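Welcome! Below are a few exercises to work through, each followed by a solution in steps. Have the sequence and the 3D view ready.

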Amino acid sequence: MRRAVSRWEIVGFSINDVIGSGVYLLPAAAAANLGSASTGAVVLAGLAVLLLVLCFAEAASYFDKPGSAYLYTREAFGERVGFQVGWMTWLARVSSVASLSVGFSRALGFLWPAANSGLGQGLAIAVPLLALTAVNVVGVKGGARTAVFLAVTKTVPLLVFIAVGLFFVSVPLATSVEPREGGNLGSAVLLLLFAYAGFENTAAPAGEFKNPRRDVPFALFVQIGVVTLIYTAVQWVALGTLPGVADAQTPLANAAARFLGGWGGLLMTVGGVLSILGTNSNTVLAGPRYLYALAQDGFGPAALATLHPRYRTPAVAILTQTAIALPLAFSGSFEVLATLSVVARLATYFGTALAVPVLRRKLQAPENAFRIPGGPVIPLAAAALCVVFALSAERENLIAGAVALAVGFVLYRFQRKPDGKAALG
């Protein structure tokens with residue numbers, strides 16, 4: 001693989017994966033469950049996710065290969081556990097590609113009504129996904145630059161919303177929002193967790209980063225700081241400028257229209273469309289790196305572990321993921337797979353948190369490796385946090401996760417003997 005991606009490109013990639021369409025809906029959903037306390041809850045959620053970010057940062061500083069959580073858990077606990085984490089993580093990625101592609105067509109429908117049905121919808125789903133696939137086949141540098149560009153274009157509308165909206169905030173309004181009757185704390189917990197989700201994919205393409213052991217931890221810390229600040233400010237402005245925010249279908253567009261006029265609502269709508277496209281760009285880039293890493297260890301066809309002879313990208317893995325995601329997006333069955341993302345992400349987080357103390361004992365830390373202070377305290381606290389999140393999940397999510405794990409146990413038995421030459425392309 002070509003090591004072509006620089007530190008600040010990794011930062012852009014990381015931010016792009018976390019700030020998705022959820023931030024455009026977060027103010028209403030959080031207010032419905034927590035009322036005025038939602039602003040503080042956003043901050044607390046950022047601090048809680050920081051525990052997980054610290055675990056990923058230390059684990060990433062040990063390796064310069066692709067695979068992220070799959071690699072960390074495999075080295076810590078062996079192939080069986082590593083495979084399950086890698087399998088669950090990739091399931092979350094492919095379902096995400098499908099659901100984001102459909103979400104993009106629906107969001108685009110606000111600007112181009114033809115995207116809501118028929119041929120227009122088909123084109124709105126397929127054309128962006130195929131374009132992102134082509135960009136990532138041609139080279140990781142192009143994929144990373146696309147992610148950075150989309151990270152900037154999706155963040156600018158949010159910064160405009162914050163910078164102008166702060167002057168229109170009514171503090172009494174922001175501090176008097178009541179949660180909707182029947183608001184659910186468990187739903188709020190998961191909502192806030194998954195608003196910050198996506199950071200775990202930062203190290204998935206580490207084999208193509210110039211200095212992943214140093215740059216991935218840096219990118220993770222910048223990302224959690226930037227995202228927490230943006231989310232907190234967005235929540236405060238939405239609460240303080242939009243009466244009835246808990247019932248708004250498009251809270252940021254509605255709020256922006258109040259203090260910026262019609263063009264403000266349009267700006268936030270465009271931002272939402274670009275936000276979905278940006279997150280999908282990252283998923284198209286990161287997801288195939290899990291397939292590539294799994295195939296290198298004998299899980300799946302050997303072709304998935306090959307690199308394009310010219311572009312040095314895992315082209316077969318990229319095309320395979322798109323070939324699976326596209327029919328799911330067209331068929332609508334992606335909604336079933338999307339329920340897996342809750343448990344799949346928790347398996348990724350839980351496995352990595354527990355892996356950190358084991359990696360410390362098993363591996364010799366590279367020079368200048370990042371080390372979480374406090375010994376095993378933070379990794380164990382992060383693992384306990386995952387248990388709390390799991391207890392907050394819907395029963396359907398847990399059942400879907402259990403079925404996926406069972407399928408993973410079956411697939412594990414079909415491991416082929418890895419071919420050391422396969423990865424050379």
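Helices here are DSSP runs (H or I, at least four residues), and strands are DSSP runs too (E, at least two), numbered from the N terminus. The expected span of a helix is 1.5 Å times one less than its number of residues. This is a predicted model, in which local features need pLDDT of at least 70, side-chain atom pairs count only at pLDDT 80 or more, and totals for chains, interfaces and linings use all residues. Residues are numbered from 1 along each chain as its sequence is written, and side-chain values use heavy atoms, with hydrogens and water left out.

**Exercise 1. Check the length of helix 17 (residues 395-412), then find its buried side.**

Step 1: With 18 residues at 1.5 Å each, helix 17 should span 26 Å, and its end C-alpha atoms are indeed 26 Å apart, so the two agree.

Step 2: Look for buried residues (under 20% relative accessible area; exposed is over 50%, partly exposed in between, with a 1.4 Å probe and protein chains only). In helix 17 these are Asn397, Ala400, Gly401, Ala404, Gly408 and Tyr412.

Step 3: They cover an arc of only 115 degrees around the axis, so they sit on the same side of helix 17; the arc is that of the directions from the helix axis to the C-beta atoms. Arg395 and Glu396 are exposed on the other side.

**Exercise 2. Describe the surroundings of Ser101.**

Step 1: Locate Ser101 in helix 5 (residues 79-108).

Step 2: Ser101 counts as buried because its relative accessibility is 2%.

Step 3: List its contacts (heavy atoms within 4.5 Å). Leaving aside residues up to four places away in sequence, Ser101 touches Ala124, Ile125, Leu129, Asn280 and Ala329.

Step 4: The side chains of Ser101 and Asn280 are also joined by a polar contact of 3.1 Å. Such a contact is a pair of N or O atoms within 3.5 Å; within protein, one must be able to donate a hydrogen and the other to accept it, and residues adjacent in sequence count only if both atoms are side-chain atoms.

**Exercise 3. Work out how enclosed helix 2 (26-34) is.**

Step 1: The buried residues of helix 2 are Leu26, Pro27, Ala28, Ala30, Ala31, Ala32, Asn33 and Leu34.

Step 2: That is eight of its nine residues, so helix 2 is largely enclosed by the rest of the structure.

Step 3: Among the elements covering these buried residues are helix 3 (38-60) and helix 10 (212-241).

Step 4: Just after helix 2, Gly35 takes a positive phi of about 65 degrees.

**Exercise 4. Compare the settings of Ser68 and Arg312.**

Step 1: Most residues other than glycine have a negative phi. Ser68 has a positive phi near 50 degrees, and Arg312 has a positive phi of about 60 degrees.

Step 2: Ser68 lies in the loop between helix 3 and helix 4 (69-77), while Arg312 is in the loop between helix 12 and helix 13 (315-331).

Step 3: Ser68 is buried, at a relative accessible area of 1%, whereas Arg312 is partly exposed at 24%.

**Exercise 5. Place Arg361.**

Step 1: Find Arg361 in helix 15.

Step 2: With a relative accessible area of 65%, Arg361 is exposed.

Step 3: Its C-alpha atom is separated by 53 Å from that of Pro172, 189 residues apart along the chain.
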